[in-house]
Amino acid sequence: MHAEVFITAQSVPEKETGTQVVVAIDVLRACSTIVTALCRGARGVVPVPDLDHAAKIASNLDPSSYLLGGERGGYRIDQYHCGNSPLEYTREVVRGRTLILSTTNGTVAMHKGRKAERLLVGCFLNIDRVVEAVCAAGRDLIIICSGQQGQVSLEDTLCAGYLLDKVWNGAPPAGVSDATRMAFALYDSRRHGLDAALREGAHAQWLASRGFAEDVDYCFRFNALPVLPRYRDNRIVLDKKELSRIAA
Ligand code: MLT
């Protein structure tokens, strides 16, 4: 399978995300928040690239039907209901509501991938479910790592490398881009002791030092929420099959 990794959201040209399967990755924390909110009963998540988009969407909705969530600089945005900690999104908070989410990098990456035929949301909480869907689709794959304001982030790149390792059965094909080869090589060099490698990342350390250590532990739990969030009609949802899996 041909696969291409963009190691930051900013490095994705618009034209790159047309007919392929795209996986947007933001381990810390936007994708982990989305997976969690959907598993706790959110009706859908609308990822927006900035606050103006969020306000515009909210202005057309019944105030009891949505939550505004997101962060700037890691902290909840003023006047928003919730921040970007997945642990805030309990069943009581999100059930039956649409989450309009704006984050510094993660929702920007999703916005970049929105024109893909299939845009999936991936993080360690659901990574093997994403692997399964990508392999079943059998299409060219684009992975968009959110990164940090145009800089590479270790946890997203390791997650991309993990995904590549699985879809390629451990052996990269010829002709892949350098960024793609680097993501694979990074994962390959740290596959034993991955948890320790993840904790070396600057964003993981920053979050832990600012009181978000529980978020970091949570976001590094492999396959704790094995669902497949998918972008459809401007929002990220779980399809009926996914919903019945989590209800069972
Ligand atoms: C982002 O989109 O930049 C992140 O999810 C930041 C965060 O940890 O809140």
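D165 counts as buried, because its relative accessibility is 5%, below the 20% limit for that class. The model discussed here is predicted. In it, D165 lies in helix α6, which spans residues 154-167, and its side chain makes a polar contact with the side chain of R191. A second buried residue, T36, lies in helix α1 and has a polar side-chain contact with Y218.

**D165 and its surroundings**

- The polar contact between the side chains of D165 and R191 has a length of 2.8 Å.
- When residues up to four places away in sequence are left out, D165 touches G170, F184, Y187 and R191.
- R191 therefore appears both among the residues that D165 touches and as its polar side-chain partner, while D165 itself is buried because only 5% relative accessibility remains to it.

**T36 and its surroundings**

- Helix α1, in which T36 is placed, covers residues 30-39.
- T36 has a relative accessibility of 2% and therefore counts as buried, the limit being under 20%.
- The side chains of T36 and Y218 are joined by a polar contact of 2.8 Å.
- Leaving aside residues up to four places away in sequence, the residues touched by T36 are P86, Y89, L125, Y218 and L225.
- S85 is 49 residues from T36 along the chain, and the C-alpha atoms of these two residues are separated by 9.8 Å.

**Fold and dimensions of the chain**

- The secondary structure of the chain consists of 11 helices and 10 strands.
- The radius of gyration is 17 Å, which agrees with a compact globule, because a globule of 248 residues would have a value near 18 Å.
- Taken along the principal axes, the box filled by the C-alpha atoms is roughly 50 × 40 × 40 Å.
- Among contacts with a separation of 6 or more, 76% are between residues 24 or more positions apart.

**Burial, surface and charge**

- Of the 248 residues, 52% count as buried; D165 and T36 are two residues in that class.
- The chain has an accessible surface of about 10,700 Å², and carbon and sulfur atoms account for 50% of that area.
- The chain carries 29 positive and 28 negative charges, and the mean positions of the two sets are 5 Å apart.

How values were computed: Residues numbered from 1 in each chain as written. Predicted model: local features only at pLDDT ≥ 70, side-chain atom pairs only at ≥ 80, totals over all residues. Heavy atoms only, no water. Helix = DSSP H or I, 4+ residues; strand = E, 2+ residues; numbered from the N terminus. Buried < 20%, exposed > 50% of the residue type's maximum accessible area, 1.4 Å probe, protein only. Polar contact = N/O pair within 3.5 Å; in protein donor to acceptor, adjacent residues only side chain to side chain. Contact = heavy atoms within 4.5 Å. Rg over C-alpha atoms; globule rule 2.2 N^0.38 Å. Areas by Shrake-Rupley, 256 points an atom, 1.4 Å probe, with all protein chains shown as cover. Lys, Arg positive; Asp, Glu negative; His and termini not counted. Charge placed at Lys NZ, Arg CZ, Asp CG, Glu CD.
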